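Student: I should like to work through this model with you, one question at a time. Could we put the sequence and the structure in front of us before we begin?

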Amino acid sequence: MYLKIVYFTGTGNCLAVAKRFDAELLSVPQLIKNNCYELTDDLIGIIYPDYANSVPNIVENYLKKCKIKADYVFVIATYGCFAGGTLHKMRTILESNGNKADCYNKLLMVDNYLPLFDVKEQIAKLPQKDIETNLNRIVEEVNARTVKKENDSLTDKLLTCILGSFEHKYVKYTSKMFRVTDSCIGCGICAKVCPVKNISQTDKNKPVFAADCESCFACTHNCPQGAIQPKLQRSRERFRNPEITLNEIIEANN
Ligand SMILES: Cc1cc2nc3c(=O)[nH]c(=O)nc-3n(C[C@H](O)[C@H](O)[C@H](O)COP(=O)(O)O)c2cc1C
Ligand code: SF4
Ligand code: SF4
C-alpha cells in the first residue's frame, strides 16, 4: 500500500504529524511550483493548520484545482484552541472539485497565532493537550481505514463562515503589520521560509513584505533574532515544533 500526504505548515506542527506516516510527503507550495494538480495513490492524506476556523487560502485554492484518486482519503486539521467548522469547510472544498475524504480528524497542538496566544503558556498546556495519545489514535484509525465523517455543529459552521470569510479577505495584509527591529542581521531566513514569496530583501538587508501574505507566521517564528515583531502579539517567545528543523520548513515552503 502506498501513501501520499499533502501538507501545509508554517511552524512544523502539520509536518510533524505527516512524518508519523510511512508516506511520500508533498507540501502544497512544492505541488504548486511543480504544477502538480493530479494525485493518485492507494491512500492519500491531507494535513493542514486551521486558520480562523477555516482552511488556509493556499490550501483551499490548491485543492479546488486538484483531482484526487485514491482508495482511501483522510484529512487531519491541526489547531491550537478551538477548531470551529474547519473540517466541514474542508469537506465542501473537496466536494466542490469532485473529491471526497473517508476519514476526518482534528488534532489539538500548540497555537502559533501570536496576536492571541503566548507561546510559553501554550508549552505549559502541553500535558493537557496530550498530543501523543491523540495522534496515536488517529494513526491507528487511518491504518485501520476507519470511515469517519466530519461532525461540525451548526454553530461551528456559522463561526467558520464569519471568521473564515473575514480572514480570506484581509489575510494578505497580515505581514504589513510586521515591524522589523534593528536586531535583524539580514540572514534571509524569513524569505526562505515564506511559502508564497511575500518577502524580499532591501539594500540594508532588512526584509520587505509585500501584500500577498498567508499569515502562516513562519517568518516571525523562525527568525533567529526574533527581529520580526507583529504590532499585536501576546508573546515575544517563538515556536517551531521540536521535531522539525529549520531546514525542513525551508524545504517544505520552497
Ligand atoms: C493565521 C492563523 C489563524 C489560526 N486560527 C486558528 C483557529 O481559528 N483556531 C485554532 O484552534 N487555531 C488556530 N491557529 C493555530 C494553528 O492552527 C495551529 O497552531 C497549527 O497547529 C499550526 O500548524 P503549523 O505549525 O503546521 O503551521 C491559527 C494559526 C494562524 C497562524
Ligand atoms: S530572518 Fe530575521 S534576522 Fe534574518 S533577515 Fe529575516 S528578519 Fe532579519
Ligand atoms: S510573510 Fe511571513 S506570515 Fe506571511 S506568508 Fe510569508 S512567512 Fe507567512
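Student: How many residue pairs are in polar contact across the interface of domain 1 and domain 2?
Tutor: This is a predicted model, in which local features need pLDDT of at least 70 and side-chain atom pairs count only at pLDDT 80 or more, while totals for chains, interfaces and linings use all residues. Residues are numbered from 1 along each chain as its sequence is written, chains are lettered from A and ligands numbered from 1 in the order in which they are written, and side-chain values use heavy atoms, with hydrogens and water left out. A polar contact is a pair of N or O atoms within 3.5 Å, where within protein one must be able to donate a hydrogen and the other to accept it, and residues adjacent in sequence count only if both atoms are side-chain atoms. With both residues at pLDDT 80 or more, the number of pairs across the interface of domain 1 and domain 2 is eleven.

Student: Which helix gives the largest share of the side of domain 1 that touches domain 2?
Tutor: Helices here are DSSP runs (H or I, at least four residues), and strands are runs of E of at least two, numbered from the N terminus. Helix H1 (13–18), helix H2 (28–33), helix H3 (57–63) and helix H5 (119–124) each supply at least two residues of that side. The largest share, four residues, comes from H5.

Student: About how much area do domain 1 and domain 2 bury between them?
Tutor: By an automatic or database domain assignment, domain 1 spans 3–167 and domain 2 spans 171–252. The contact (heavy atoms within 4.5 Å) takes 33 residues from domain 1 and 27 residues from domain 2. Thr11, Leu114 and Pro115 lose the most area on the side of domain 1, together 23% of what that side buries. Taken as the accessible area (1.4 Å probe) that two parts lose on being put together, summed over both, and with 59% of it on carbon and sulfur atoms, the buried area is about 2,500 Å².

Student: Which residue does Lys19 meet in a salt bridge?
Tutor: A salt bridge is a side-chain nitrogen of Lys or Arg within 4 Å of a carboxyl oxygen of Asp or Glu, and three are counted between domain 1 and domain 2. At 2.7 Å from N to O, the partner of Lys19 is Glu248.

Student: Which strands does the salt bridge of Lys4 with Asp41 tie together?
Tutor: The structure holds 14 salt bridges, and in the one between Lys4 and Asp41 the closest N and O atoms are 3.2 Å apart. Lys4 lies in residues 3–7 and Asp41 in residues 38–49, so the pair ties together parts 37 residues apart in sequence, namely strands S1 and S3.

Student: Which backbone atom of Phe82 lies by ligand 1, and what is its distance from a nitrogen atom there?
Tutor: Ligand 1 is surrounded by 23 residues (a heavy atom within 4 Å), the closest being Thr9, Thr11, Asp50, Thr78 and Val110. An oxygen atom of ligand 1 lies 2.8 Å from a backbone N or O atom of Asn13, and Cys14 likewise places a backbone N or O atom 2.8 Å from an oxygen atom of the ligand. For Phe82 the atom is a backbone N or O, and its distance from a nitrogen atom of ligand 1 is 2.8 Å.
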